Amino acid sequence: MFEMSENGSEPVRSYSRTWSEIENMLSDAEDRLAQWKNWYEQCRKKGDLDGMKESARNHKALQGVVKTLKWTLGEEGVGTPLE
């Protein structure tokens with residue numbers, strides 16, 4: 001959940017994250033992305049369809065996280081994360 005402003009329509013944001021925190025989050029997200037890809041491959045070798053679905057779903061979600069963080073940092077060549 002997030003806090004709402006007094007009028008109840010806008011979330012309260014601190015804008016206090018440092019560039020270093022964002023860089024660290026990107027590194028963590030990229031590590032987890034690789035972990036989910038590896039887990040997918042392990043599940044595929046075992047024929048674990050449920051595991052494959054879960055790992056593919058989480059991998060795809062983390063791709064969006066990585067793209068958003070790279071966009072936030074202004075990485076060259078990274079377009080809008082909405083596409």
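Start by selecting Ile22, a residue of helix H1. Is Ile22 buried or exposed? Its relative accessible area is 14%, which is under the 20% limit, so Ile22 counts as buried. Keep in mind that the model on screen is predicted.

With Ile22 still selected, show what surrounds this residue. Leaving out residues up to four places away in sequence, Ile22 touches Arg17, Leu69, Thr72 and Leu73. Leu73 is 51 residues from Ile22 along the sequence, yet their C-alpha atoms are 7.7 Å apart in space.

**Helix H1**

Now select residues 19-46, which form H1. How far apart are the end C-alpha atoms of this helix? They are 41 Å apart; 28 residues at 1.5 Å a residue should span 40 Å, so the two values agree.

Within H1, colour the buried residues: Ile22, Leu26, Ala29, Leu33 and Cys43. Which helix do they pack against? Their partner is helix H2, residues 49-72. Before moving there, step to Gly47, which follows H1 and has a positive phi, near 75 degrees.

**Helix H2**

Select 49-72 next. The 24 residues of H2 should span 34 Å at 1.5 Å a residue, and the distance between the end C-alpha atoms, 35 Å, agrees with this. The buried residues here are Gly51, Met52, Ser55, His59, Leu62, Val66, Leu69 and Lys70. They pack against H1, just as the buried residues of H1 pack against H2.

For a contrasting position in H2, pick Glu54. Its relative accessibility is 34%, between the limits of 20% and 50%, and therefore Glu54 is classed as partly exposed. Apart from neighbours within four places in sequence, Glu54 is in contact with Trp36 and Trp39. To follow H2 further, draw a line from Glu54 to Thr68: the two are 14 residues apart along the chain, with 21 Å between their C-alpha atoms.

**The nonpolar core**

Select Ile22, Leu26, Ala29, Leu33, Leu62, Val66 and Leu69 together; these seven residues are the largest nonpolar core. Both H1 and H2 contribute, each with at least two residues. Which helix gives the largest share? That is H1, with four residues. In soluble globular proteins, nonpolar side chains tend to be buried together.

Within this selection, centre on Val66. Not counting residues up to four places away in sequence, Val66 touches Leu26, Ala29, Glu30 and Leu33.

**The largest pocket**

Next, display the pocket surface. The largest pocket has a volume of about 190 Å³. Which residues line this pocket? Select Arg13, Ser14, Tyr15, Ser16, Arg17, Trp19, Ile22 and Thr72. By class, three of the lining residues are nonpolar, three are polar and two are charged. Ile22, where the tour began, is one of the lining residues. Arg17 and Thr72 are also in the lining, and both are touched by Ile22.

**Tyr15**

For the last stop, choose Tyr15 from the pocket lining. Tyr15 is placed in the segment before H1. Is Tyr15 buried or exposed? With a relative accessible area of 71%, above the 50% limit, Tyr15 is exposed, and so falls in the opposite class to Ile22. Check the backbone here too: phi of Tyr15 is near 55 degrees, a positive value in a residue other than glycine.

Finally, draw a line from Tyr15 to Arg44. These two are 29 residues apart in sequence, and the distance between their C-alpha atoms is 42 Å.

Methods:
Residues numbered from 1 in each chain as written. Predicted model: local features only at pLDDT ≥ 70, side-chain atom pairs only at ≥ 80, totals over all residues. Heavy atoms only, no water. Expected span 1.5 Å × (residues − 1). Buried < 20%, exposed > 50% of the residue type's maximum accessible area, 1.4 Å probe, protein only. Contact = heavy atoms within 4.5 Å. 1 Å grid on protein atoms, 1.4 Å probe; cavity = no way out; pocket = protein on both sides within 12 Å on 5 of 7 lines; lining within 4 Å. Points joined across faces, edges and corners; volume = space filled by probe spheres on them. Nonpolar A, V, L, I, M, F, W, Y, C, P; charged D, E, K, R; others polar. Core = buried A, V, L, I, M, F, W, Y, C linked by side-chain atoms within 4.5 Å.
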